[in-house]
Amino acid sequence: MSTERDEVAVVGAGLAGCLLACFLARRGYPVALYERRPDPRTGTVERGRSINLALSERGLDALRRIGLDEQVMADALPMRGRMIHPVEGESQFQSYSVSGDRAINSISRGALNNALLDAATALPGVRVAFDHRLVGLDPVGGEMTFETPQGKVTATASVVLGADGAGSAVRGQLLAYGGLTESLDFLDYGYKELTIPPIGGEFALDPGALHIWPRGTSMMIALPNPDRSFTCTLFWPTHGTRSFASLSSPAAIERFFADHYPDLVPLAPNLVDDYQHNPVGVLGTVRCTPWQVAGRVGLLGDAAHAIVPFYGQGANCAFEDVVELDRCLDECDDEWAAALPLFQHRRQDDAEAIARMALANFVEMRDKVTSPVFRTRKKVEHA
Ligand code: FAD
């Protein structure tokens, strides 16, 4: 592989950025990976911020291509269906497949990010600059400005790729430059994480299922973690009588959960503390076009098309983006000015489709999973 290619800058050492660095380094590119945060392998995890995620075949396919699938799957917990928790009565299991053997995988977001970071930095030509927050970008000259603990620094690259997430600074710079248009559709819902610790060293709930507490206009889900805890995510309205802010005292929190999530209460001893101290995250859909400017600055992953999390496909889509961009580079003989528009052409309709499906799945998860249609399907699958 040639080592004479110009350096590519990837902004954001999250899931997409680290995977992208691996793919580009394998193509022979020197890669500079810029990340606003400190090295996550030496720091602490931010409290209450999406500790796990569901990895499906779409994402696994990308990991397989860089030989990381087995390492990541070693700690994965396969979830073969969803377990519905009604307010009263028995929980009901609904298989994801007729055969019952297909699964999505609960994995630690932090462990996945660290594994990708290790894989990227092990490759020749990849260097990572932590504590570098992009605050300026000249898309024509490829000059970037970063805020660092030592003050502002600049760097230049022939190609700059924004993998810096839903609130992408690269996208913001392209917007300010007049190179793209964007729309941000925020939901009137937020999310907050709670924890169900292990009981006597064992899982408190079935670890082979994604647990759902559908409650009509709101819901809670829980995914298992390798340490035998579960991370619950409440998806509640941000305003009104059923919003997070409506429960302001420990007594009100305890009473509400006892009334609406009664089977959770004995399993979540830190419920009140988690509820009062974990942050409320925002949820929304990001659309923008074009995904590249001047044939040398591109966007991918959440930076180009963030979606709401109800299909569990945002990271999986970001991984698919990387595979597709790699394919476009193949087909365009590494001519970035041709590969970047081709990448957008191939991915934008798919990104829009999953954005709509993710919104529709919120209604299904919080409401329709309790309908007789699903209960009948469950009986057929288990016949
Ligand atoms: P990110 O993971 O957001 O990474 C962006 C990186 O860029 C970060 O490291 C950030 O620090 C860095 N950065 C940001 N700004 C700058 C800057 N100015 N300069 C330098 N660096 C910067 N997806 C799934 O596939 N399955 C799931 O089950 C799932 N569950 C989810 C649950 C919740 C509650 C949420 C909110 C999301 C969920 N997602 C899930 C979506 C998934 O988290 C995202 O789609 C995925 O993280 C996108 O990866 P990314 O690399 O594009 O962006």
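**Figure 1. Pairing of strand 3 with strand 7.** In this predicted model, strand 3 and strand 7 (residues 104–108) run antiparallel and are joined by four bridges. One residue pair can be located in this view: Leu55 has Asn105, in strand 7, as its bridge partner. In general, the strands of a sheet pair through backbone hydrogen bonds, in either a parallel or an antiparallel manner.

**Figure 2. The open sheet of three strands.** The three strands of this open sheet follow the order 3-7-4, and their pairing is antiparallel. Strand 3 and strand 4 (77–79) are the edge strands, each of which pairs on one side only. From one strand to the next, the twist averages 35°.

**Figure 3. Helix 4 against the sheet.** Helix 4 (residues 109–121) lies across strand 3 and strand 7. The helix runs at about 80° to strand 7.

**Figure 4. The shell around the ligand.** The ligand is surrounded by 33 residues, of which the closest are Gly12, Gly14, Gly165, Gly301 and Gly314. Two or more residues of the shell come from each of these elements: helix 1 (15–26), strand 3 (52–55), strand 9 (133–138), helix 8 (302–305) and helix 9 (314–331). Strand 3, which is an edge strand of the sheet in Figure 2, is thus also among the elements that give residues to this shell.

**Figure 5. Composition of the shell around the ligand.** Helix 9 provides the largest share of the shell, namely four residues. When the shell is sorted by class, 15 residues are nonpolar, 12 are polar and six are charged.

Note on methods:
Residues numbered from 1 in each chain as written. Predicted model: local features only at pLDDT ≥ 70, side-chain atom pairs only at ≥ 80, totals over all residues. Near = placed C-beta within 6 Å. Nonpolar A, V, L, I, M, F, W, Y, C, P; charged D, E, K, R; others polar. Pairing = 2+ DSSP bridges. Axes fitted to C-alpha atoms, helices over the stretch in contact; angles between N-to-C directions. Contact = placed C-beta atoms within 7 Å.
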